[in-house]
Every structure is written in C-alpha cells, then in structure tokens.
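Got your viewer open? Please load the model below and keep the selection tool handy.

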Amino acid sequence: MRARSEEPERFLWQAGAPNPPLEEHPMSLVNGLPAHILLVHFVVVLVPLTALALVVCAVWPGAARRMGVVLPVLALVTLVSVPLTTQAGEWLENHVTSSALIRRHTALGDGLLPWALGLFVLAAAVWWTARRTPAEGDG
C-alpha cells in the first residue's frame, strides 16, 4: 500500500510535469486551482437565483419595482458568467483524462448559454414593463 503523498496526481497533471502555458487563457488557474472549479459555483448559484427572482418579479409587479435594475443586472452577470465558466471548463477538459461523465458535463455546460440568454431577455422585459407600469396606488 502506497503512502498518500506518493500517489501520482491523476486529476490534473502528472507530478513534476510543467504547467500548461497560461498565455492562451489568462484565467486558466486561480491560485493553482483550475478556474472552472471556482467559476462553476457562481453559475450553479446565479442561474437558479436569477430564475427565482425573475418568477417572483413577473408574478408580483411590486417586487419588480422594488428590485429595480437589480433584476436585469443579476441576469447579465449570470449571462456573462456562463461563457467564462464554459471556456475555463474547455481548458480543464484538455488537461484531464476524458470520460463519459466529463463529456456529459461538457454537453450540459454547452447547453446552458441559450437558457442564460433567455433569462436575461425575460429579466430585461420584466424590468422594462414594471418600470413603465404605474404602481396601483398612483392615480
């Protein structure tokens, strides 16, 4: 049985192998960790949070007026984070051993951009509508 510190690094690179050039993707690594594993957490939180905020604002116009520009800004941040995470994931995919799980994860990531774009468009429409519609108390 080998000691834990003697095991080869199978996840990213073989021990002692040089790191891949960072000039191609400046956000490939963050403090030695692949950027994808950090960025994916933003996407995992932002997409459902944006969808929930969108539903609340669409159903309750008062919430949309209170949120103001926060809703479309949140949707824009979500939209921008998806391709950044996907790009970092593609870099990571080239540095790990391929498997069916990684290919499935890649396909799911590639399919998320149209949904994030849809969230942004709907969030902007809800914001614009709430902005142009007078509150019930206004006469």
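Here is a short tour, stop by stop.

**Before you click.** This is a predicted model, where local features need pLDDT of at least 70, side-chain atom pairs count only at pLDDT 80 or more, and totals for chains, interfaces and linings use all residues. Residues are numbered from 1 along each chain as its sequence is written, and side-chain values use heavy atoms, with hydrogens and water left out.

**Stop 1: the whole chain.** Colour by secondary structure. You'll find five helices and two strands, and from the N terminus on they run β-β-α-α-α-α-α. Helices (H or I, at least four residues) and strands (E, at least two) are DSSP runs, numbered from the N terminus. Of the 139 residues in the chain, 30% are buried. Buried means under 20% relative accessible area, exposed means over 50%, and partly exposed is in between (1.4 Å probe, protein chains only). A contact means heavy atoms within 4.5 Å. Among the chain's contacts with a separation of 6 or more, 72% come from residues 24 or more positions apart.

**Stop 2: helix α1.** Select the 25 residues of α1: at 1.5 Å a residue they should span 36 Å, and the end C-alpha atoms are indeed 36 Å apart. That expected span is 1.5 Å times one less than the number of residues. Now show side chains for the buried residues of α1, including H36, L39, V43, L46 and C57. What lies over them? The cover includes β1 (29–30), β2 (33–34), α2, α3, α4 and α5.

Click A35, which is in α1. A35 is buried, at 1% relative accessible area. Draw a C-alpha to C-alpha distance from A35 to Q87: the two are 52 residues apart in sequence and 9.6 Å apart in space.

Next, pick T50, also placed in α1. Is T50 buried or exposed? With 1% relative accessibility, T50 counts as buried. Leaving aside neighbours within four places in sequence, T50 is in contact with L71, L74, A75, T78 and L119.

**Stop 3: helix α5.** Select residues 112–132. These 21 residues of α5 should span 30 Å at 1.5 Å a residue, which agrees with the 30 Å between the end C-alpha atoms. Highlight the buried ones: A116, L119, A123, V126 and A130. Look down the axis of α5 and you'll see the buried residues fall within an arc of 90 degrees, so they line one face of the helix. The arc is that of the directions from the helix axis to the C-beta atoms. An α-helix has 3.6 residues a turn, so residues three or four places apart point the same way.

Their cover includes α1 (35–59), α2 (61–67) and α3 (70–93). Spin round to the face of α5 turned away from the buried side, and you meet the exposed residues P114 and R132.

L122 is in α5 too, and at 49% relative accessibility L122 counts as partly exposed. Between L122 and V55 there are 9.8 Å in space, C-alpha to C-alpha, though they sit 67 residues apart in sequence.

**Stop 4: where α4 meets α5.** Add helix α4, residues 100–110. The axes of α4 and α5 come within 5 Å and cross at roughly 25 degrees. (Axes are lines fitted to C-alpha atoms, for helices over the stretch in contact, and angles run from 0 to 180 degrees between N-to-C directions.) That makes α4 and α5 roughly parallel to each other; the label is for angles under 35 degrees, with over 145 roughly antiparallel, 65 to 115 roughly perpendicular and the rest oblique.
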